[in-house]
Amino acid sequence: MRRAGPLKLCLIGGIVMIIQFFIPHRFSKNFFDEVVHWLIVCGVPALVIGYYSIFHVHWTKIRRKREGWGYSIIIFVAVIVVALIGFIWGVGENSVFMKIYQYMTMTMQATMFSLLGFYMASAAFRSFKARTPEATLLLIVALVVMFGRVPIGESVFIKLKLPNLVEWILMYPNMAAQRGIGLGVGLGIMATSLKIMLGIERGWLGGAGK
Amino acid sequence: MNLLNKFMNMDRRWIYLITAICVIIPFLIPIGLPTYTTPPARNIYEKIDNTSDGQVVLLSFDYDAAVLPELYPMTITILNHCFNRNIKVILMSLYMQGIGIAQVALEDVKREFPEKKEGIDYTLLPYVPGGALVILGIGEDIHKTFPTDYYGTLIDSLPMMREIRNFDQISLAISFSGGGVSRTWVTYANQRYGANVAAGVTAVMAAENYPYLQTKQLIGMLGGLKGAAEYENLVEKNLKLKTRKAACIGMDAQSAVHIMMIVFIVLANIAYFAGRRRKK
């Protein structure tokens, strides 16, 4: 019974929303409008749960003095201090809150992500080998696109119309492959939605199909 | 052969060092090579350029600071272009962190356009959780989805927002994203409400958006730093706007790193085949 209620609600909700999509009436539009705003409101408690989860994980880590528990203290201090600064001095233009965001958060995040460039250079050197015909084709196309998407490659091979060739690769062979993947994903989404509505897929209830 | 073996087993820190040099040197000594303009970038430029004075463009900063080096230059250039053409701008984000970036971008661009006023020339909307639902909410009634702006002012009281109810009053919506958010804009804003949608994405995500360019579900796209550099050149050439061309400077570094990687990959393959022949 604990599962029957949510399953019925899911089935009825799904069918109602499908029917609503095909009825171009004011009532249908207002209903959809209302559902959208309900769902946005539902997103707010999800944020609260997210905050609770992060605090719970780090508090447990500190209490049990697990490896790296010192970093968890830094998280607590950072969250509390930045939130207090925002509440006390505001979050407007040129505020301390914005300065922290601009000169600490943005810089640190950009730095972390930029490190990926170094790993990619190393990984490409070690693993990008023409071992099979398919890998050779991939390697040649990748080299052409890499060279044709930067100014130096465009300038050197402008007479050979390299930029046009790169645009053609992206616009035709790439697009055909992407469209195939997209159709597969779309069909997968439809199948999964139907499985959820019909109660075949029950992972969202907190169990695996029981 | 010994040399090739040594090369193949090179300590990865050498690769890191060479990569760092290839990135840093072009920033210190810019080459300034021209960038070929692709049709997707030109389409966005022309759409904004043909938008009449006082019409509205929506810019959604759907990214966090991790992809800032690639996406920030294009957001700045498009914001510059809009303000230069007296187009009103709505700034928003489907990401919590994107709002901060939008605010920093506004501060940057307002140095060039100090006369632009909040609520009259632009509106910064707050973060509302929900992703696709927020797009659907804008399609129904933007005033219900965002009752106030980022600074807490009632949206009904903002002069530029009085006439705007949904996508019907928005000429173009551009989503800047490091993930697949631009496809969400295509699915909901374009397909459900018929909005004109364009995308500014990281280079690695650009390939995924080509099917939507072909079907005109995306009217244009800026792909990575190259897309931003193309837009900077278009703005400079046509509007004679003299701003710092961050993307064009970055493209020199990208050229150097791409060449370095191509050389490394080719040499690694030569070493691989030489090693295989020796084994036979």
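This report looks at chain B: its domains, one of its helices and its contacts with chain A.

The model is predicted, so local features need pLDDT of at least 70 and side-chain atom pairs count only at pLDDT 80 or more, while totals for chains, interfaces and linings use all residues. Residues are numbered from 1 along each chain as its sequence is written, with chains lettered from A and ligands numbered from 1 in the order in which they are written.

Let's start with the domains, whose bounds come from an automatic or database domain assignment. Chain B has domain 1 (2–30 + 255–279) and domain 2 (39–244). Taken over C-alpha atoms, their centres are 39 Å apart.

Next comes helix α10(B), residues 224–239. Helices are DSSP runs (H or I, at least four residues), as are strands (E, at least two), numbered from the N terminus. The end C-alpha atoms of α10(B) are 22 Å apart, which agrees with the 22 Å expected for 16 residues at 1.5 Å a residue; the expected span is 1.5 Å times one less than the number of residues. Of those 16 residues, 12 are buried (20 or more other C-beta atoms within 10 Å of a residue's own, C-beta atoms being placed from the backbone). Among them are B:Gly224, B:Tyr231 and B:Val235. Just after the helix, B:Lys240 has a positive phi of about 55°.

Finally, 49 residues of chain B are in contact with 48 residues of chain A (C-beta atoms, placed from the backbone, within 7 Å). The largest share of chain B's side, 12 residues, comes from α11(B). That side divides as follows:

| Class on the chain B side | Residues |
|---|---|
| Nonpolar (Ala, Val, Leu, Ile, Met, Phe, Trp, Tyr, Cys, Pro) | 28 residues |
| Polar (the others, Gly among them) | 13 residues |
| Charged (Asp, Glu, Lys, Arg) | 8 residues |

Conventions. Two residues are in contact if their C-beta atoms, placed from the backbone, lie within 7 Å.
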